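Got your viewer open? Keep the selection box handy, and we'll go from stop to stop.

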Amino acid sequence: NAILKRRSDVATKSAGDLPFQTTAELYDLIPDNSQLVDGLMPLIGLYSKDGRLNARDSPIILIESVPGITSADVDQIAELRRRIAADAAFRDILARYGKYLTIAPGSIYQVDAEIVGGAHLIKGSSIRAAIALDRESRDTPYQVVSLSW
């Protein structure tokens, strides 16, 4: 309920004011139940710097979570992705859901990997990481935003 309230509270603000720039914000949102937040963390990920989902790249299940999005619009996004449509083809969708969706390239990427071997690793297991790239930094060109096994 706290997550839904926060989303509705920002519905009238600009995209830059959308919630959840970091996963740690959930601890502030639910301060009396850190155990619940700990349990949610493996399921939480970020997909853009400004809080919007990339309509070209984000998992469809996340696109379906956009407030007020219709199944017809989700289907249209899926079709545009299948056709590798030009940016202009997304114009109508972005006009309706611009607070939540973008097609601008981001700096956060999801990486899925399957373990093939190594000391103390289970062959065949998988890992998913959200990585934030920082192309300006020579010392830390990326940071792990979220990680799940």
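**Stop 1: Thr102 and its contacts**

Select Thr102 and show what surrounds it: leaving out residues up to four places away in sequence, Thr102 touches Arg52, Leu53, Asn54, Ala55 and Leu94. Thr102 is part of strand β2, which covers residues 101-102. Buried or exposed, what is Thr102? Its relative accessibility is 8%, so Thr102 counts as buried, the cut-off being under 20%.

**Stop 2: colour by confidence**

Before going further, remember that this is a predicted model. Colour the protein by pLDDT: the average is 81, and 83% of the residues score at least 70. Where is confidence lowest, and where is it highest? The low end is α1, with a mean of 72, while the high end is helix α5 (residues 71-82), at 96.

**Stop 3: the low-confidence helix**

Now go to Ala2, which sits in helix α1 (residues 2-9). Show its contacts, skipping residues up to four places away in sequence, and you get Leu29 and Ile30. Draw a C-alpha to C-alpha distance from Ala2 to Leu29: the two are 6.6 Å apart in space, though 27 residues apart in sequence. Ala2 has a relative accessibility of 29%, so it counts as partly exposed. Keep the confidence colours on here, as α1 is where the mean pLDDT is lowest.

**Stop 4: the nonpolar core**

Next, select Ile63, Val66, Ile69, Ile77, Phe90, Tyr97 and Leu101. The largest nonpolar core has 15 residues, and these are the ones that touch the most other members. Which helices each supply at least two residues of this core? They are α5 and α6 (91-97). The biggest share comes from α5, with three residues.

Zoom in on Val66. Beyond its neighbours within four places in sequence, Val66 is in contact with Leu53, Tyr97, Tyr100 and Leu101. Leu53 may look familiar, since it is also among the residues that Thr102 touches.

**Stop 5: charged side chains around α5**

How many salt bridges does the structure hold? There are five, and we'll visit some of them.

Start with Glu79 and Arg82, whose side chains meet in a salt bridge at 3.2 Å, N to O. Both lie in helix α5, three residues apart, so about one helical turn separates them. Glu79 is partly exposed, at 34% relative accessibility, whereas Arg82 is exposed, at 58%.

Stay on Glu79 and add Arg83 to the selection. These two form a salt bridge as well, with 3.7 Å between the closest N and O atoms. Arg83 has a relative accessible area of 53%, so it is exposed, the cut-off being over 50%.

**Stop 6: across two strands**

Finally, select Arg128 and Asp112. Their salt bridge has its closest N and O atoms 2.6 Å apart. Why does this pair tie together separate parts of the sequence? Because Arg128 lies in strand β4 (residues 126-133) and Asp112 in strand β3 (residues 108-114), the salt bridge ties together parts that are 16 residues apart in sequence. Arg128 is partly exposed, at 41% relative accessibility, and Asp112 is partly exposed too, at 48%.

One last selection, back on the earlier group: Glu79, Arg82 and Arg83 are joined into one network by salt bridges that share partners.

Notes. Residues numbered from 1 in each chain as written. Predicted model: local features only at pLDDT ≥ 70, side-chain atom pairs only at ≥ 80, totals over all residues. Heavy atoms only, no water. Helix = DSSP H or I, 4+ residues; strand = E, 2+ residues; numbered from the N terminus. Buried < 20%, exposed > 50% of the residue type's maximum accessible area, 1.4 Å probe, protein only. Contact = heavy atoms within 4.5 Å. pLDDT = per-residue confidence, 0-100. Core = buried A, V, L, I, M, F, W, Y, C linked by side-chain atoms within 4.5 Å. Salt bridge = Lys/Arg side-chain N within 4 Å of Asp/Glu carboxyl O.
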